[in-house]
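Let's take a walk through a protein model together. Have a look at the sequence and the 3D view, then read on for a few spots to find.

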Amino acid sequence: MKLSQYGYEYSPELLAKHPAQNRDESRLMVIDRKSGKIEHRLFKDIIDYFEENDTFVLNDTKVFPARLYGNKEKTGADIEIFLLRELNSELRLWDVLVDPARKIRIGNKLYFGDDDLLVAEVIDNTTSRGRTLRFLFDGSYEEFKAELFKLGETPLPKWVRDKVEPEDAERYQTIFARHEGAVAAPTAGMHFSKHLLKRMEIKGIGAEFITLHVGLGNFRTVDVEDLSKHKMDSEQIIVEEDAAERINAAKRGGHKIVAIGTTVMRTLESAVSTNGMIKAVDGWTNKFIFAPYDFTVADAMVTNFHLPYSTQLIMVAAFGGHDLIMEAYRTAREEKYRFGTYGDAMLIL
C-alpha cells in the first residue's frame with residue numbers, strides 16, 4: 001500500500017468545530033467487514049452490537065494543559081511553548097516545541113505569567129523546533145506543577161479551532177481520564193458518557209483500561225510514498241497485569257474484544273505476545289500499523305473520521321479493509337458526518 005491510496009475529497013467544512021451537545025449522541029456509522037453493510041446509528045446504540053462478557057478496551061490517559069504563552073527576555077517577543085514531555089521532575093526539565101523557534105537559542109530565558117513567576121532557560125536544541133527547557137522556580141515540585149498547569153491552556157489542535165473555549169477543558173478529555181501525560185486526547189473515548197458506561201455494566205459488557213500517552217507524533221505528516229519508511233514517534237504505554245489477564249480471559253472465552261480508538265489498537269498490538277495473548281507492559285511504542293497487517297487481539301474497533309493521508313486513517317483501513325473504509329468515507333461525506341477530533345464515530349465489526 002502506498003500513501004497516495006489514502007486520499008479522499010476533503011474540505012474544511014467536514015471538520016467539527018465543537019463537540020456534540022451530549023457525548024453519547026454523536027452519530028455512529030456501523031460497518032460490517034464481512035457483508036460490507038453500512039448502518040447509521042447514534043453512539044449510545046453501540047451496546048446493541050455486543051453481548052455479555054464482550055470487552056471494550058479504553059485509553060485512560062489524561063490530557064494536561066500543554067500550551068503556554070510567554071515572552072522572550074530583553075526583546076519581550078511573544079513566544080508559544082508546547083510542553084511535550086517531562087524529562088526530569090527533580091531538575092524540572094521539559095521537552096518542548098517553541099514557536100517561533102528560529103530566534104530562541106541556548107541560554108535564552110523565557111518568562112510566563114503576568115508576574116513572571118515562572119521562568120525557563122533554554123538548555124538544549126533538540127530539533128529545528130524542539131528545545132529542552134529548565135524551569136527556574138522557587139518552591140516545591142507540587143507548587144511548580146500547579147503554577148505550570150495554571151498558566152497552561154488546553155492543547156486543542158489548532159486545525160480544529162484557533163481559539164480555545166471554556167468547554168474544551170472538559171470536553172477535550174474522556175470522562176475516565178486519570179493518568180496524566182497526553183498532549184492530545186484519545187478522541188474515540190470521548191463519546192462515552194457515565195450513562196453509557198452504566199448501561200454497559202448492566203448488560204455485562206466489560207470495560208478495561210490501558211494507557212497510551214498520546215504525543216504530537218500521532219499527528220505527524222506522512223511524507224513518504226512507501227509507508228514502510230515512515231517512522232512514528234515513541235509514546236509511553238502501560239498495560240497493568242490485572243487488565244491484561246481480564247482481556248485474555250475474555251478472548252479465551254470466545255468473547256469480542258473492542259479497541260476504542262487507534263491508540264488502544266496500537267497499544268494492544270504492541271503488548272501482544274507470541275501466543276496471541278496480552279502481556280503487562282510499562283514502556284514505549286513506535287508501532288505504525290499499515291496494510292497488509294494481521295491484527296491479533298481486537299475483533300472490532302471504534303474510531304473517529306480522520307484526515308486524508310493520516311496514520312490513523314491508514315491503520316483503520318488496514319483493519320477494515322482499504323476499499324470498504326474508503327467507501328465508508330465517501331458515504332460519510334454524503335451523509336454529512338462530522339469529521340475530526342470533535343466529530344462523529346465509526347464502529348468496525
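## The second largest pocket

In this predicted model, 28 residues line the second largest pocket, and the ones nearest its centre are Trp159, Asn218, Phe219, His306 and Gln312. Which elements give two or more residues to that lining? They are helix H5 (262-271), S16 and H6. The pocket's volume comes to about 430 Å³.

What kinds of residues are in the lining? You'll find 13 nonpolar, 14 polar and one charged.

## A covered helix

H6 is one of the elements that line the pocket, so it's a good one to look at next. Is H6 mostly covered or mostly open? Mostly covered: 10 of its 10 residues are buried. Among them are Gln312 and Phe319, and Gln312 is also one of the residues nearest the centre of the second largest pocket.

What do the buried residues of H6 pack against? Their partners are H5, S16, H7 and S17. Step just past the end of H6 and you meet Gly321, with a positive phi of about 95°.

## Rings that meet

Now for the aromatic side chains. The structure has 22 aromatic pairs. Take Phe305 and Tyr337: their ring centres are 5.4 Å apart and their planes are at 55°, which makes the pair tilted. Phe305 sits in the loop between strand S16 (300-304) and helix H6 (311-320), while Tyr337 sits in the loop between helix H7 (322-334) and strand S17 (345-348), so this pair ties together parts that are 32 residues apart in sequence. Are these two buried or exposed? Both Phe305 and Tyr337 are buried.

The pair also has company. Tyr8, Tyr10, Phe305, Tyr329, Tyr337 and Phe339 make up one aromatic cluster. On top of that, Arg27 lies over the face of Tyr337, 3.9 Å from the ring centre. You can spot a similar arrangement at Phe319, where Arg33 lies over the face of the ring at 4.0 Å from its centre.

## Backbone oddities

Some backbone habits are worth knowing before you look closer: most residues other than glycine have a negative phi, and most peptide bonds are trans. Where do you find a positive phi on a residue that isn't glycine? Arg92 has one, of about 60°, and Tyr309 has one, of about 65°. Arg92 belongs to the loop between strand S6 (78-88) and S7, and it counts as buried because its relative accessibility is 12%, under the 20% cut-off. Tyr309 belongs to the loop between S16 and H6. With a relative accessible area of 39%, Tyr309 is partly exposed.

There are cis peptide bonds to look for, too. One joins Asp99 and Pro100, with omega about -5°, and Pro100 is in the loop between strand S7 (93-99) and strand S8 (109-112). Another runs from Ala291 to Pro292, with omega near -5°. This Pro292 is in the loop between strand S15 (281-285) and S16.

## One more loop

Finish at Lys163, in the loop between helix H1 (141-151) and helix H2 (168-171). Is Lys163 buried or exposed? Exposed, because its relative accessibility is 60%, and the cut-off is over 50%. How far is Lys163 from Tyr309? The two are 146 residues apart in sequence and 25 Å apart in space, going from C-alpha to C-alpha.

Terms used:
Residues are numbered from 1 along each chain as its sequence is written. This is a predicted model: local features need pLDDT of at least 70, side-chain atom pairs count only at pLDDT 80 or more; totals for chains, interfaces and linings use all residues. Side-chain values use heavy atoms; hydrogens and water are left out. Rings of Phe, Tyr and Trp (its six-membered ring) pair if their centres lie within 6.5 Å; planes under 30 degrees apart count as stacked, over 60 as edge-to-face and the rest as tilted. Helices (H or I, at least four residues) and strands (E, at least two) are DSSP runs, numbered from the N terminus. Buried means under 20% relative accessible area, exposed over 50%, partly exposed in between (1.4 Å probe, protein chains only). A charge sits over a ring if NZ of Lys or CZ of Arg is within 6 Å of the ring centre and within 35 degrees of the ring normal. On a 1 Å grid over the protein atoms alone, a cavity is a set of points where a 1.4 Å probe fits but cannot get out, and a pocket is an open set with protein on both sides within 12 Å along at least five of seven lines; lining residues have an atom within 4 Å of a point. Grid points are joined across faces, edges and corners, and a volume is the space filled by probe spheres set on the points. Ala, Val, Leu, Ile, Met, Phe, Trp, Tyr, Cys and Pro count as nonpolar, Asp, Glu, Lys and Arg as charged, and the others, Gly among them, as polar. Contact means heavy atoms within 4.5 Å.
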